[in-house]
Amino acid sequence: VRGIEHARLCRALDEPGWLTARTLVFEAIKRKAPNESERDLFLNCERVEELLGSITELTFNADSELDSLAPLTTLPRLQSLHLSHRPDLDKLGLPLLQSAPQLQSLTLIRSPLARPSLLLPLSHQLTELKLNHVGLTDLEFVRVFGRLRKLDVSSNPLRTLLPARGLTQLE
């Protein structure tokens, strides 16, 4: 019982995003020092927060338990996020990532993006955008991504690449 009570103190398990927060704790544990035990980390919220604060890149696939991207916005050094095989992109809250202070790179692979407009709030911060096998047919939305240096939209049934011509910083 003590472990469950402690977990509730560390993360509000009854709030939206608790499943993602739990997944993030496991990500932090993967980054532990060899002399640290998982048990000790579960009992030390400060150390877990320290490990979470050092994360610069995250990769989640279909097996990753996520219910919201909101907890990712609390990671002060997160620069790169990779999401693959996620049919639930609309539900995860892509626009919330605009609050991730250091996020510069977003990769979506085999994750249906029915509404590319969900990415618009990220237009001011992303320098790299990879959208592979997401079902894009139109690139009009990229016109406002003026900071992009890398754009990969391979394996999509695009009608034209013309909207990307105005992105002058592309490498």
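Is leucine 89 buried or exposed? Leucine 89 is buried, with a relative accessible area of 0%. The points below start from the whole chain and come back to this residue. Keep in mind that this is a predicted model.

1. **Overall make-up.** The protein chain has 171 residues, and 43% of them count as buried. It holds five helices and five strands. Along the sequence the pattern reads α-α-α-α-β-β-α-β-β-β. Four helices therefore precede the strands in that pattern, and one helix sits between the second and third strand symbols.

2. **Extent and surface.** Taken along the principal axes, the C-alpha atoms of the protein chain fill a box of roughly 60 × 25 × 25 Å. The chain exposes about 9400 Å². Carbon and sulfur atoms supply 51% of that area.

3. **Charges.** The protein chain carries 21 positive and 21 negative charges. The mean positions of the two sets are 4 Å apart.

4. **Contacts along the chain.** Take the contacts between residues at least 6 apart in sequence. Of these, 41% join residues at least 24 apart.

5. **The sheet.** Five strands form an open sheet in the order β1-β2-β3-β4-β5, with parallel pairing. Its edge strands are β1 and β5 (150-152), and each pairs on one side only. Neighbouring strands of the sheet are turned by 5° against each other on average, direction ignored.

6. **β1 against β2.** Strand β1 covers residues 57-60. It runs parallel to β2, and four bridges join the two. Two facing pairs can be checked by eye. Threonine 59 stands opposite histidine 82 in β2. Phenylalanine 60 stands opposite leucine 83 in β2.

7. **β2 against β3.** On to the next pairing. β2 and strand β3 (residues 105-109) pair in the parallel sense over five bridges. Here the bridge partner of leucine 83 is leucine 108 in β3. Leucine 83 thus faces phenylalanine 60 and is also bridged to leucine 108.

8. **Cover on β2.** How many of the five residues of strand β2 are buried? Four of them are, so strand β2 (residues 80-84) is mostly covered.

9. **Leucine 89.** Back to the opening residue. Leucine 89 lies in helix α5 (residues 89-92). It counts as buried because its relative accessible area is 0%, and the cut-off for buried is under 20%. Leaving aside neighbours within four places in sequence, leucine 89 is in contact with Leu83, Leu94, Leu108, Ser111, Pro112 and Leu113. Among these are Leu83 and Leu108, the two bridge partners from β2 and β3. By contrast, asparagine 156 is 67 residues along the chain from leucine 89, and their C-alpha atoms are separated by 17 Å.

10. **Arginine 159.** This residue is in the segment after β5. Why does arginine 159 count as exposed? Its relative accessible area is 64%, and exposed means over 50%. Not counting residues up to four places away in sequence, arginine 159 touches Thr137 and Asp138. Arginine 159 and threonine 137 are 22 residues apart in sequence, yet 5.9 Å apart in space, C-alpha to C-alpha.

11. **What to look at.** Two residues make a useful pair on screen. Leucine 89 is buried at 0% relative accessible area, whereas arginine 159 is exposed at 64%.

Technical notes:
Residues numbered from 1 in each chain as written. Predicted model: local features only at pLDDT ≥ 70, side-chain atom pairs only at ≥ 80, totals over all residues. Heavy atoms only, no water. Buried < 20%, exposed > 50% of the residue type's maximum accessible area, 1.4 Å probe, protein only. Pairing = 2+ DSSP bridges. Contact = heavy atoms within 4.5 Å. Areas by Shrake-Rupley, 256 points an atom, 1.4 Å probe, with all protein chains shown as cover. Lys, Arg positive; Asp, Glu negative; His and termini not counted. Charge placed at Lys NZ, Arg CZ, Asp CG, Glu CD. Axes fitted to C-alpha atoms, helices over the stretch in contact; angles between N-to-C directions.
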